Amino acid sequence: MTTGSGTGRAGVVRALAGVVTFLVAMTGCAAIPTSGPVTEVAEDAGFGQSTVRYSPALPADGAEPGEIVRGYLDAMLAYPSSNRTAAAFLTPSAADEWQRQDGVTIYDDAQVVSLPEGDRARAGDSTSARVSIDAARAGALDSQGRYTSARDRTSVDYELVQVDGQWRIANPQPGLLVTAKFFADYF
């Protein structure tokens, strides 16, 4: 039995020696330099610890008008901010003319309402569609960045046309539309 306890103590001593060696080595790594050149470190331009990056999807082939408008709204929530994806939901001329810098409308509880496919066909026009967004407006930023609180309803009507067999928005609203949560998280 004495042999077993002697081996046990030797194992503990070896383990403690290993821990002490590790701690001494780590302390050497954490020392503050006392010589060498002074260098300027760039300011942290990171996005912070709680920021989540989000890259929305491009329009899906064969998407219906309501899906295009929902995707367009989602694309305006890209972070870091990028208008390329949102512009992909627009006709080429609308993308060129879109005044995205003309402020931000903050909304909540948006409902997308589109004219049913059958009604469009009965109207004799299968190359254009109308989709409306009805939402609770929570506030707005003007083009100068001034915030105005709001508690009312707003609606935006979009006209969609076919471009190479795919639905695209022909008349985007000026500025961006973002959710109240997105605004609180990123602005």
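# Close-up views of a predicted protein chain

The accessible surface of the protein chain comes to about 12,400 Å², and 55% of that surface belongs to carbon and sulfur atoms. The model is predicted. These legends start with the whole chain and then turn to single regions.

**Figure 1. Overview of the protein chain, with its six helices and five strands.** From the N terminus on, the order of the elements is α-α-α-α-β-α-β-β-β-β-α. Of the 187 residues in the chain, 29% are buried. Among contacts between residues at least 6 apart in sequence, 65% join residues at least 24 apart.

**Figure 2. Confidence along the protein chain, for which the mean pLDDT is 83.** A pLDDT of 70 or more is reached by 74% of the residues. Strand β4, residues 166-169, has the highest confidence, with a mean of 98. The lowest is found in helix α5, residues 117-122, where the mean is 48. Where pLDDT is low, the predicted coordinates should not be read in detail.

**Figure 3. The largest nonpolar core, made up of 36 residues.** Tyr 72, Tyr 158 and Leu 160 are the residues with the most contacts inside this core. Strand β2, residues 128-141, gives the most to the core, with six residues. In soluble globular proteins, nonpolar side chains tend to be buried together.

**Figure 4. Helix α2 and the surroundings of Tyr 72, a buried residue of this helix.** Helix α2 spans residues 65-75 and is mostly covered, with eight of its eleven residues buried. The buried residues are Pro 65, Gly 66, Ile 68, Val 69, Gly 71, Tyr 72, Leu 73 and Ala 75. Leaving aside neighbours within four places in sequence, Tyr 72 is in contact with Ala 86, Phe 89, Leu 90 and Trp 98, and also with Tyr 158, Ile 169, Pro 172 and Gln 173. Tyr 158, one of these partners, is listed with Tyr 72 among the residues with the most contacts inside the largest nonpolar core.

**Figure 5. The cis peptide bond from Tyr 79 to Pro 80.** Omega of this bond is near 0 degrees. Pro 80 is in the loop between α2 and α3.

**Figure 6. Thr 85 in helix α3, which covers residues 84-87.** Thr 85 has a relative accessible area of 15% and therefore counts as buried, the limit being under 20%. Not counting residues up to four places away in sequence, Thr 85 touches Pro 56, Ala 57, Leu 58 and Ala 75. Of these, Ala 75 is itself a buried residue of α2. Ser 55 lies 30 residues from Thr 85 along the chain, and the C-alpha atoms of the two are separated by 8.4 Å.

**Figure 7. The largest cavity, with a volume of about 50 Å³.** The structure holds one cavity of 30 Å³ or more. The lining of the largest cavity consists of Leu 73, Thr 105, Tyr 107, Ile 133, Ala 135, Thr 154, Ser 155, Val 156 and Leu 177. Strands β1 (104-114), β2 and β3 (147-163) are the elements that give two or more residues to this lining. Strand β3 gives the most, with three residues. Leu 73, among the lining residues, is one of the buried residues of helix α2.

**Figure 8. Val 113 in strand β1 and the residues it touches.** Val 113 touches Arg 130, Val 131 and Ser 132, not counting residues up to four places away in sequence. The C-alpha atoms of Val 113 and Asp 134 are separated by 7.8 Å, and the two residues are 21 apart along the chain.

**Figure 9. Asp 109 and Asp 164, two residues with positive phi.** Asp 109 is in strand β1, and its phi is near 55 degrees, a positive value in a residue other than glycine. The relative accessible area of Asp 109 is 48%, so this residue is partly exposed. Asp 164 is in the loop between β3 and β4. Its phi is about 50 degrees, again positive although Asp 164 is not a glycine. With a relative accessible area of 77%, Asp 164 is exposed, because the limit for that class is over 50%.

Methods
Residues numbered from 1 in each chain as written. Predicted model: local features only at pLDDT ≥ 70, side-chain atom pairs only at ≥ 80, totals over all residues. Heavy atoms only, no water. Core = buried A, V, L, I, M, F, W, Y, C linked by side-chain atoms within 4.5 Å. Buried < 20%, exposed > 50% of the residue type's maximum accessible area, 1.4 Å probe, protein only. Helix = DSSP H or I, 4+ residues; strand = E, 2+ residues; numbered from the N terminus. Contact = heavy atoms within 4.5 Å. Areas by Shrake-Rupley, 256 points an atom, 1.4 Å probe, with all protein chains shown as cover. pLDDT = per-residue confidence, 0-100. 1 Å grid on protein atoms, 1.4 Å probe; cavity = no way out; pocket = protein on both sides within 12 Å on 5 of 7 lines; lining within 4 Å. Points joined across faces, edges and corners; volume = space filled by probe spheres on them.
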